[in-house]
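Work through the exercises below with the sequence and the model open. Try each task before reading its solution.

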Amino acid sequence: MDRSANLDTEELKMTREQYILATQQNSLPRTEHPQFYPVGIYGWRKRCLYFFVLLLLVTMIVNLAMTIWILKVMNFTVDSPLVLQSDRNVTVNARNHMGQLTGQLTVGADAVEAQSKRFEVRATESGKVLFSADEDEIVIGADRLKVTGTEGAVFGHSVETPHIRAEPSQDLKLESPTRSLVMEAPRGVQVNAAAGDLKATCRKELHLQSTEGEIFLNADTIRLGNLPVGSFSSSSPSSSAPRQTIYELCICPSGKLYLSPAGASSTCQSSSNICLWS
């Protein structure tokens with residue numbers, strides 16, 4: 001038994017010596033040269049990278065130069081207004097969130113066109129609507145509308161307004177050069193000249209007609225000029241008779257007025273032959 005124990009002790013020593021020897025060999029520095037592997041971009045890949053970087057730099061310089069040139073040509077400054085120029089036209093579009101066209105403004109050589117549901121022009125300070133237009137109506141909100149053209153304003157259809165007034169110290173003229181002028185109102189038409197005359201002139205006939213009422217001529221003096229004068233033969237003619245200065249106003253059955261020389265009694269019947277001429 002003692003012999004077997006001694007063998008085990010010797011084997012354990014030999015095993016320990018082998019482990020120590022192996023450990024010492026691993027810890028000794030190696031005399032071989034280490035292998036180095038290069039890391040990075042080399043060759044044609046490196047040249048392509050430098051080329052793309054250079055190309056990007058050139059593009060940035062060109063874009064910067066073009067931006068400066070555009071700012072200079074378009075006069076973009078803090079104080080000056082925005083100026084857009086084009087050889088043909090300038091078009092500004094407005095779109096909604098779905099990309100649909102909602103408004104368009106086109107400035108061309110022949111016309112300025114605006115397409116939208118409603119077009120408005122507002123005052124700068126007050127924000128008052130000076131002009132607005134849509135499919136149903138056109139509204140002019142300015143205090144005064146002035147037409148300076150020699151031909152005036154031409155309207156194809158009716159114009160509604162509660163008041164027509166001429167400028168101060170100017171005449172107001174309503175004229176129809178080739179047709180008739182009609183003034184109608186269901187509750188009456190009033191013509192008033194507060195500080196002047198009222199004249200009605202026509203080439204042919206002037207009619208004053210009241211279908212249900214009367215015609216009043218109310219004045220201190222009523223003159224009917226150029227009335228025809230009837231004549232009759234006196235039973236006792238005299239060469240030394242004074243000049244006739246007093247006449248009698250007569251009326252024919254047709255309504256025609258005429259004058260008859262006044263006498264001691266009515267002379268309308270004696271000079272009624274003038275009614276036959278009408």
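The exercises deal with disulfides, burial and salt bridges.

This is a predicted model, in which local features need pLDDT of at least 70, side-chain atom pairs count only at pLDDT 80 or more, and totals for chains, interfaces and linings use all residues. Residues are numbered from 1 along each chain as its sequence is written, and side-chain values use heavy atoms, with hydrogens and water left out.

**Exercise 1.** Find how many disulfides the structure holds, and state how the bonded cysteines pair.

Solution.
- Step 1: Apply the criterion, which is a pair of cysteine sulfur atoms within 2.5 Å.
- Step 2: C250 and C268 satisfy the criterion, with 1.7 Å between their sulfur atoms. C250 belongs to strand 7 (residues 247-251), while C268 is in the segment after strand 8 (257-261), 18 residues apart. Strands here are DSSP runs of E with at least two residues, numbered from the N terminus.
- Step 3: C252 and C275 also form a disulfide, S to S 2.0 Å. C252 sits in the loop between strand 7 and strand 8, and C275 in the segment after strand 8, 23 residues apart.
- Step 4: The structure therefore has two disulfides. With the bonded cysteines of the protein chain numbered in sequence order, the pairing is 1-3, 2-4.

**Exercise 2.** Determine the handedness of the disulfide of C250 and C268, and of the disulfide of C252 and C275.

Solution.
- Step 1: For C250 and C268 the torsion about the S-S bond is about -80°, so this disulfide is left-handed.
- Step 2: For C252 and C275 the torsion is about -85°, so this disulfide is left-handed.

**Exercise 3.** Are C252 and C275 buried or exposed?

Solution.
- Step 1: Take the classes: buried is under 20% relative accessible area, exposed is over 50%, and partly exposed is in between (1.4 Å probe, protein chains only).
- Step 2: C252 has 5% relative accessibility and counts as buried.
- Step 3: C275, at 17%, is buried.

**Exercise 4.** Which salt bridges does R118 form, with E120 and D134 as partners to check?

Solution.
- Step 1: The rule asks for a side-chain nitrogen of Lys or Arg within 4 Å of a carboxyl oxygen of Asp or Glu.
- Step 2: R118 pairs with E120, the closest N and O atoms being 2.7 Å apart.
- Step 3: R118 also pairs with D134, at 3.0 Å between the closest N and O atoms. R118 is in the loop between strand 3 (112-115) and strand 4 (119-122), and D134 in the loop between strand 5 (129-133) and strand 6 (138-140), so the pair ties together parts 16 residues apart in sequence.
- Step 4: R118, E120, R122 and D134 are linked in a network of salt bridges.

Terms used:
Helices (H or I, at least four residues) and strands (E, at least two) are DSSP runs, numbered from the N terminus.
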